[in-house]
Amino acid sequence: QVQLVQSGGGLVQPGGSLRLSCAASGFTFSRYAMSWYRQAPGKERELVATITSGGDSTTYADSMKGRFTISRDNAKTTVYLQMNSLKPEDTAVYYCFVRWSWTDYWGQGTQVTVSS
């Protein structure tokens, strides 16, 4: 049973930082790319970042590039999203994601609110 359990998130001030974690189980974690998505109310879910199975390559949406960092620890079967220089427009529910056995799996989501 694939499970993605997220932690982190919360309320931060503009310019602040936050680190999200996603602990995975139920599949061979080191064989799969992992991603983070986010969705704000009334908006489409958008891809934030992706990391390859070995962690050697990463991809970011333009608005996050230089501010966000995706990483993974295959020994801990956990993927992270470090968010720096946060802006109010980063406010959204953030989800980790993996496609395994022709099926999409999502974490439960965690709220990130950037406000003064």
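**Exercises on a predicted model**

The side chain of Ser 35 lies 2.8 Å from that of Thr 50, with which it makes a polar contact. The model is predicted, and the exercises below start from this residue.

**Exercise 1.** Determine where Ser 35 is found, whether Ser 35 is buried or exposed, and which residues Ser 35 is in contact with.

*Solution.* Step 1: Ser 35 belongs to strand S4, which covers residues 34-39. Step 2: its relative accessibility is 7%. Buried means under 20%, so Ser 35 counts as buried. Step 3: leaving aside neighbours within four places in sequence, the contacts of Ser 35 are Leu 47, Ala 49, Thr 50, Tyr 95, Cys 96 and Phe 97.

**Exercise 2.** Describe the disulfide of Cys 22 and Cys 96.

*Solution.* Step 1: the count comes to 1 disulfide. Step 2: the sulfur atoms of Cys 22 and Cys 96 are 2.0 Å apart. Step 3: Cys 22 lies in strand S3 and Cys 96 in strand S9, 74 residues apart, so that distant parts of the chain are linked. Step 4: the torsion about the S-S bond is about 55°, and therefore the disulfide is right-handed. Step 5: Cys 22 and Cys 96 are both buried.

**Exercise 3.** Identify the residues that touch the most other members of the largest nonpolar core, and the strands that each supply at least two of its residues.

*Solution.* Step 1: the core has 29 residues, and Trp 36, Val 79, Leu 81, Met 83 and Tyr 94 touch the most other members. Step 2: strands S3, S4, S5, S7, S8, S9 and S11 each supply at least two residues of this core. Step 3: not counting residues up to four places away in sequence, Tyr 94 touches residues including Leu 20, Tyr 37, Leu 81 and Met 83.

Notes: Residues are numbered from 1 along each chain as its sequence is written. This is a predicted model: local features need pLDDT of at least 70, side-chain atom pairs count only at pLDDT 80 or more; totals for chains, interfaces and linings use all residues. Side-chain values use heavy atoms; hydrogens and water are left out. Helices (H or I, at least four residues) and strands (E, at least two) are DSSP runs, numbered from the N terminus. Buried means under 20% relative accessible area, exposed over 50%, partly exposed in between (1.4 Å probe, protein chains only). A polar contact is a pair of N or O atoms within 3.5 Å; within protein, one must be able to donate a hydrogen and the other to accept it, and residues adjacent in sequence count only if both atoms are side-chain atoms. Contact means heavy atoms within 4.5 Å. A nonpolar core is a set of buried Ala, Val, Leu, Ile, Met, Phe, Trp, Tyr and Cys residues joined through side-chain atoms within 4.5 Å. A disulfide is a pair of cysteine sulfur atoms within 2.5 Å.
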